[in-house]
Amino acid sequence: MTHKRPIYLDYHATTPVDPRVFEAMRPYFTEHFGNAASVSHAFGWRAEAAVTAAREAVARLVGANPREIVFTSGATEADNLAVLGAARARQAPGAHVVTSAIEHRAVLDPCRRLEIEGFSVTYLMPDAHGLTSAAAVAGALTPETVLVSVMAANNEIGTLNPVGEIARVCKERGIVFHTDAVQALGKVPLDVHGMGLDLVSLSAHKLCGPKGVGALFVRAVNPRVRLAPLFFGGGHERGLRSGTLDVPGIVGFGAAADIARTEGQAESRRVAALRDRLWERLTGHAHGLSRNGHPSLCLPGNLNVTIAGAPADAVMSNARDLAVSSGSACTSASAKPSHVLLALGRTRAEAEASIRFGLGRFTTEEEVDRASDDIVRAVAKVRAERKAQGPNAP
Ligand SMILES: *Cc1c(COP(=O)(O)O)cnc(C)c1O
């Protein structure tokens with residue numbers, strides 16, 4: 001038996017670093033190792049120049065001014081800085097925050113923290129496709145609302161929210177609007193000023209860049225958005241994020257942003273076609289499959305499928321060459337069914353019979369075909385075993 005290379009279809013969890021990104025980063029570990037805050041010598045200037053160029057590249061990808069980009073250790077930190085920072089800067093008795101029930105934990109957990117600090121938080125239930133409309137947000141706003149946070153694209157089901165419309169509703173009432181755009185970045189158009197966004201979380205490693213680096217866009221004009229920082233120290237990043245900058249990581253983020261800006265559109269078309277091919281092959285060879293998420297407003301590389309009568313863990317253990325995620329995707333450490341799928345009205349059993357496929361830059365047609373064959377075979381095997389066990393199978 002020949003050993004086949006495993007097929008990576010988990011691009012929502014992380015992505016491989018593009019070799020061009022890695023080459024751009026390499027000199028900044030060894031040769032150009034300076035501290036970007038060392039203003040008195042050439043080592044520092046070299047590092048600072050590289051950070052400036054990367055800041056411009058990230059800003060260009062989202063239509064921001066470079067001084068509106070605050071580099072962080074990733075999107076978890078960017079989400080925490082946005083949610084905690086914006087709310088705490090507007091602390092008042094009865095202050096209110098609106099978010100959606102299917103946000104990433106990096107938004108939901110800071111919201112829970114805000115409740116402990118005395119804020120009230122509304123968690124909006126999305127519609128059956130996972131969408132949070134501007135009307136739903138408008139209906140939840142009160143005179144006390146200080147912050148709204150709704151993601152641009154969901155990391156489990158790929159649903160795209162109308163963040164430009166939500167931003168308009170917030171702007172009319174002078175409420176700060178944050179969006180976690182980690183999954184949307186480089187996949188769908190994102191123009192922070194054109195769409196009127198105030199705070200936007202970004203991450204490099206979902207964009208074929210390195211792990212451990214991200215950014216928060218913080219609007220500087222119309223209006224200038226104030227934030228309470230989380231870290232105190234050297235006053236880096238305009239005082240919003242103290243700590244020595246990860247120069248190689250930031251250089252990698254910049255390189256990844258440049259590639260996404262020039263190649264993202266064509267890549268999204270290619271990846272969406274592969275995703276559609278995967279879905280057609282799966283439904284062509286197995287029955288009882290249904291898709292989670294929005295039929296058209298969806299990330300190009302996302303396919304989230306509930307497979308009736310086939311628990312995802314059992315399917316996955318019969319398709320060991322595939323790297324995919326089960327319906328407990330983002331909280332798999334705790335093995336709870338996905339809060340996203342439950343919010344869409346899926347039962348616990350359905351959520352546990354769901355698989356998330358994430359396709360991306362290096363996914364090939366051959367991999368998609370092999371993956372669909374493997375899943376179809378695994379599903380048939382799992383269903384046959386469960387049938388043999390009788391009606392009380394788990
Ligand atoms: C991955 C992800 C995050 C966390 O980003 P890190 O850079 O890994 O901290 C936050 N939000 C969404 C939607 C994500 O997919």
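**Sheets, a helix pair and an unusual loop**

E237 is buried, with a relative accessible area of 9%. That is a handy place to start on this predicted model, since E237 also has backbone geometry worth a look: its phi is positive, about 50°, although the residue is not a glycine. As background, most residues other than glycine have a negative phi, and most peptide bonds are trans. E237 sits in the loop between β8 and α7. R238, in the loop between β8 and α7 as well, has a positive phi of about 55° and is not a glycine either. What sets R238 apart from its buried neighbour is accessibility: at 44%, R238 counts as partly exposed, whereas E237 comes in at 9%. The loop between β8 (214-218) and α7 also holds P223, and the peptide bond joining N222 to P223 is cis, with omega at about -10°.

Strand β8 leads on to the seven-stranded sheet. This is an open sheet with mixed pairing, and its strands run in the order β2-β8-β7-β6-β5-β3-β4. The edges are taken by β2 (69-72) and β4 (120-124), each of which pairs on one side only. From one strand to the next, the twist averages 20°. Helix α2 (residues 42-62) packs on this sheet and touches β2 and β7 (199-203), with its direction at about 115° to that of β2.

Now for β3 and β5, which sit next to each other in the strand order. Strand β3 (residues 96-100) has five of its five residues buried, so it is largely enclosed by the rest of the structure. In a regular strand the side chains alternate between the two faces of the sheet. For β3, both faces are covered: H96, V98 and S100 are buried on one side, and V97 and T99 are buried on the other. On the β4 side, β3 runs parallel to its partner, and five bridges join the two; one of the facing pairs puts S100 opposite L124 in β4. On the β5 side, β3 again pairs in the parallel sense, here over four bridges, and H96 has T145 of β5 as its bridge partner.

Strand β5 (residues 145-149) is mostly covered too, with five of its five residues buried. Besides β3, strand β5 is joined to β6 (residues 176-180) by three bridges, and those two strands run parallel. Two residues of β5 help to pin down the register with β6: L147 stands opposite V176, and S149 has H178 as its bridge partner.

The other sheet described here has four strands. It is open, with antiparallel pairing in the order β9-β10-β13-β12. Its edges are β9 (289-292) and β12 (325-326); each has a single partner strand, so one side of each is left without a neighbour in the sheet. The partner of β12 is β13 (residues 354-358), and the two pair in the antiparallel sense over two bridges, with S325 matched to R356 in β13. Helix α11 packs on this sheet, where it touches β9, β10 (302-307) and β13; the direction of α11 makes about 20° with that of β10.

Helix α11 (residues 365-389) has a helical partner as well. It packs with α7 (residues 247-285), the two axes lying 9 Å apart at an angle of about 25°. Angles under 35 degrees count as roughly parallel, and that makes α7 roughly parallel to α11. The crossing of the two helices is right-handed. On the α7 side, the contact is made by L274, R277, L278, R281, L282 and H285, which meet E365, V368, D369, S372, D373, I375 and V376 of α11. Sorted by class, this contact of α7 with α11 has six nonpolar, two polar and five charged residues.

Put together, α7 links two parts of this account: the loop holding E237 lies between β8 and α7, and α7 packs with α11, the helix that touches β9, β10 and β13 of the four-stranded sheet.

Conventions
Residues numbered from 1 in each chain as written. Predicted model: local features only at pLDDT ≥ 70, side-chain atom pairs only at ≥ 80, totals over all residues. Heavy atoms only, no water. Axes fitted to C-alpha atoms, helices over the stretch in contact; angles between N-to-C directions. Parallel < 35°, antiparallel > 145°, perpendicular 65-115°, else oblique. Left-handed = near helix turned anticlockwise from the far one by under 90°. Contact = heavy atoms within 4.5 Å. Nonpolar A, V, L, I, M, F, W, Y, C, P; charged D, E, K, R; others polar. Buried < 20%, exposed > 50% of the residue type's maximum accessible area, 1.4 Å probe, protein only. Pairing = 2+ DSSP bridges.
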